[in-house]
Amino acid sequence: SSVLGRALVVPELWCGLDRWWAPHAGTIPGSSFKLPFQCPLDHVVDLETWARPLPESDHGPNIEYRESSFFRNPRMSAAVNASRVVVEVC
């Protein structure tokens, strides 16, 4: 995204375990969802640390990011939605 000068839209992430503060077998006791599940970004990334600006001389340019659901937001303008660029890493 830094090469293109654009924000990174993080791809969908799938979790095999739910995050919870107590020992569990993958899901919070009493919950009804099935594993794996599409998990929010903060299940995988410490967003407070990730969003903190770091010295560009040591870490490269800071990258803006968006949740994977960014383009599915009904408030998204058609112009922004049409401006997406898909990059595949081979």
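**Exercise 1. Place Ser-68 in the chain, decide whether Ser-68 is buried or exposed, and list its contacts.**

Solution. Step 1: Ser-68 sits in the loop between E4 and H3. Helices (H or I, at least four residues) and strands (E, at least two) are DSSP runs, numbered from the N terminus. The model is predicted: local features need pLDDT of at least 70, side-chain atom pairs count only at pLDDT 80 or more, and totals for chains, interfaces and linings use all residues. Residues are numbered from 1 along each chain as its sequence is written, and side-chain values use heavy atoms, with hydrogens and water left out.

Step 2: Ser-68 has 14% relative accessibility and counts as buried. Buried means under 20% relative accessible area, exposed over 50%, and partly exposed in between (1.4 Å probe, protein chains only).

Step 3: Apart from neighbours within four places in sequence, Ser-68 is in contact with Val-9, Val-10, Pro-11, Glu-12 and Gln-38. Contact means heavy atoms within 4.5 Å.

**Exercise 2. Find the salt bridges and say what the one between Glu-12 and Arg-72 ties together.**

Solution. Step 1: The whole structure has two salt bridges. The term stands for a side-chain nitrogen of Lys or Arg within 4 Å of a carboxyl oxygen of Asp or Glu.

Step 2: One of them joins the side chains of Glu-12 and Arg-72, at 3.2 Å from N to O. Glu-12 lies in the loop between strand E1 (8–9) and strand E2 (13–15), and Arg-72 in the loop between strand E4 (65–66) and H3, so the pair ties together parts 60 residues apart in sequence. Glu-12, with a relative accessible area of 39%, is partly exposed.

Step 3: Glu-64 and Arg-66 also form a salt bridge, with their closest N and O atoms 3.1 Å apart. Arg-66 is partly exposed, at 28% relative accessibility.

**Exercise 3. Describe the disulfide: its partners, its handedness and its place in the chain.**

Solution. Step 1: There is one disulfide in the structure, a disulfide being a pair of cysteine sulfur atoms within 2.5 Å. Its partners are Cys-15 and Cys-39, whose sulfur atoms are 2.1 Å apart.

Step 2: The torsion about the S-S bond of Cys-15 and Cys-39 is about 70°, so the disulfide is right-handed.

Step 3: Cys-15 belongs to strand E2 and Cys-39 to strand E3 (residues 37–39); the pair links distant parts of the chain, 24 residues apart.

Step 4: Cys-15 is buried at 9% relative accessibility, and Cys-39 is buried with a relative accessible area of 5%. Cys-90, by contrast, is exposed, with a relative accessible area of 98%.

**Exercise 4. Give the order of the elements and judge how spread out the chain is.**

Solution. Step 1: The protein chain has three helices and four strands. From the N terminus on, they run β-β-β-α-α-β-α.

Step 2: The radius of gyration is 17 Å, well over the 12 Å that the globule rule gives for 90 residues, so the chain is more spread out than a compact globule. This radius is taken over C-alpha atoms, and the globule rule is 2.2 Å times the number of residues to the power 0.38.

Step 3: Taken along the principal axes, the C-alpha atoms fill a box of roughly 45 × 35 × 30 Å. Of the 90 residues, 12% count as buried.
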